[in-house]
Amino acid sequence: MRKHDLMSSAARASALLLLLALGACQTEGEGVDLFPLYRNVRTGEAREFSLLFPLSNFEWDEQETLTWTIPFHVHWRRGAHEQITLVPVLPLYFHQRNLRADIEGVFPLFSRSVQGGRTETSLLVLLADWATRSGDDGLAALSVFPLFQWRREGAGARFSLVRGLELSPTGPMVSLLDVDWTGLSYGEGEDERALAIDAGAVLGRIVNLLHYGDAGSHTEVRVLTLLANEEWSLIHWRAPHAGAPGADGARLVLFPFYWDIQHGAAERTRVLWPFYGFRERDGRAVLHYVLFPLLRLVDDEERERSGFDVLWPLIGHETNPIESSFWFHPLFQYTGFDGGYEWSVLLNMFGYGRKDEQKRVRLFWWPWVL
């Protein structure tokens with residue numbers, strides 16, 4: 001009985017397995033499809049054979065052949081787009097050719113790619129690689145990772161020392177030195193090849209120790225730039241090139257003690273921190289700082305703007321042709337304008353306003369129209 005029961009159980013399991021296979025079956029074109037156990041189908045000029053998918057699968061037609069197994073994988077495509085790949089877990093050998101590129105390699109020793117007129121060769125998984133261009137004498141690029149990288153781009157070139165782990169588009173995870181001769185420096189006469197130098201870049205230039213560059217219409221020096229923001233450089237010097245297009249701003253910052261910023265052709269800000277500072281337009285002061293941030297005074301007759309800040313920006317008052325405001329942050333702010341007013345408390349958490357016949361209430365920053 002026991003043997004008979006075991007045979008009956010095996011028969012039931014085999015029948016169930018066959019039903020499951022037949023339930024997954026799909027016949028496409030001519031042939032038999034008992035996926036995933038067995039597949040042998042033909043559609044037009046194409047044919048596919050599979051046994052215990054995905055352990056083996058073979059597909060072919062007039063133009064190409066694709067053959068693969070697991071864990072040893074062979075991929076072969078012929079025709080205008082030729083590819084050969086041998087994969088025992090990792091790609092030991094690969095070859096790919098199409099109308100744009102021809103790539104071949106033996107992992108991890110060697111790889112070579114030809115795209116257009118550029119040929120690039122690598123050794124030991126990008127530890128060292130170099131490139132040449134057809135018709136050129138010498139190299140187009142050379143690098144030994146991560147010690148240095150060099151490459152020509154147009155009439156210029158780029159060079160890096162101890163650079164690695166690119167965080168595109170912000171920059172490298174770490175770079176000791178980057179030199180760039182690919183830009184243009186504009187001036188009154190003929191444009192010249194620009195020079196840009198970055199030293200001590202970390203975390204995609206979130207911190208950059210030193211930058212020098214004369215590309216475009218300005219020459220610039222920055223020391224200790226934070227969060228990739230030029231305005232947050234502890235030392236920043238920027239001078240326009242005479243006669244260059246867009247050369248209308250200059251800047252000298254010795255943070256936090258001295259600020260001299262040219263805003264266009266007519267407006268300028270100068271600050272000797274903390275004692276005194278002002279902003280002038282066409283030779284007339286329109287804003288004063290006194291013992292910053294103790295007091296800021298605004299008196300701009302041209303734009304009809306006046307006001308003051310005490311302990312900037314905690315307490316202040318300002319008027320202009322559109323409105324008049326008074327605030328005591330973070331507790332209270334009041335604004336009056338033609339036909340109405342608006343007040344709020346606790347950084348706009350609650351408030352009330354009226355304009356003509358319309359009334360508005362603000363509850364937990366959410367505005368409601370009454």
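This report describes a predicted protein model, going from its overall make-up to its strands, core, surface and salt bridges.

Residues are numbered from 1 along each chain as its sequence is written. Because the model is predicted, local features need pLDDT of at least 70 and side-chain atom pairs count only at pLDDT 80 or more, while totals for chains, interfaces and linings use all residues, and side-chain values use heavy atoms, with hydrogens and water left out.

**Overall make-up**

The protein has one helix and 36 strands, where helices (H or I, at least four residues) and strands (E, at least two) are DSSP runs numbered from the N terminus. Of its 370 residues, 26% are buried; here buried means under 20% relative accessible area, exposed means over 50%, and partly exposed lies in between, with a 1.4 Å probe and protein chains only. Among contacts (heavy atoms within 4.5 Å) between residues at least 6 apart in sequence, 8% join residues at least 24 apart. The protein exposes about 23,700 Å², and carbon and sulfur atoms supply 65% of that area; accessible areas come from the Shrake-Rupley method with a 1.4 Å probe, and for residues only the protein chains shown count as cover.

**A run of paired strands**

Two strands are said to pair if DSSP finds at least two bridges between them. Strand β13 (residues 141-144) is paired with β12 (residues 128-133) in the antiparallel sense over four bridges, and D129 has S143 in β13 as its bridge partner. On its other pairing, β13 runs antiparallel to β14 (residues 148-153), again with four bridges, and L142 is matched with W150 in β14. These two strands, β13 and β14, form a hairpin with three residues between them.

In a regular strand the side chains alternate between the two faces of the sheet. In β13, A141 and S143 make up the covered face, whereas L142 and V144 make up the uncovered one.

The pattern continues with β14 and β15, which pair in the antiparallel sense over six bridges, R152 having A157 in β15 as its partner. Their hairpin has two residues between the strands, and G154 in the turn has a positive phi of about 65°. Strand β15 is then joined to β16 (residues 171-180) by eight bridges, also antiparallel, with G164 standing opposite V174 in β16.

**Backbone details**

V162 has a positive phi of about 50° although it is not a glycine; V162 lies in β15 (residues 156-167) and is partly exposed, with a relative accessible area of 38%. L346 likewise has a positive phi of about 50° without being a glycine, but L346 is found in the loop between β33 (340-345) and β34 (350-355). A cis peptide bond joins W273 and P274, with omega about 0°, and P274 is placed in the loop between β25 (267-272) and β26 (276-281). The peptide bond from W312 to P313 is also cis, with omega near 0°.

**Core and surface**

The largest nonpolar core has five residues, V271, V286, L287, Y289 and V298; such a core is a set of buried Ala, Val, Leu, Ile, Met, Phe, Trp, Tyr and Cys residues joined through side-chain atoms within 4.5 Å. Strand β27 (residues 284-290) gives the most to this core, with three residues. Apart from neighbours within four places in sequence, V286 is in contact with R279, E280, R281, L297, V298, D299 and D300.

**Salt bridges**

A salt bridge is a side-chain nitrogen of Lys or Arg within 4 Å of a carboxyl oxygen of Asp or Glu, and by this rule there are 21. Three of them are listed here.

| Pair | Closest N to O distance |
|---|---|
| R163 and D178 | 2.6 Å |
| D260 and R268 | 2.8 Å |
| D299 and R284 | 4.0 Å |

Both R163 and D178 are buried. In the second pair, D260 is buried at 11% relative accessible area, whereas R268 is partly exposed at 24%. In the third pair, D299 is partly exposed at 42%, and R284 is partly exposed at 34%. Salt bridges that share partners also join E267, R279, R281, D300, E302 and R303 into one network.
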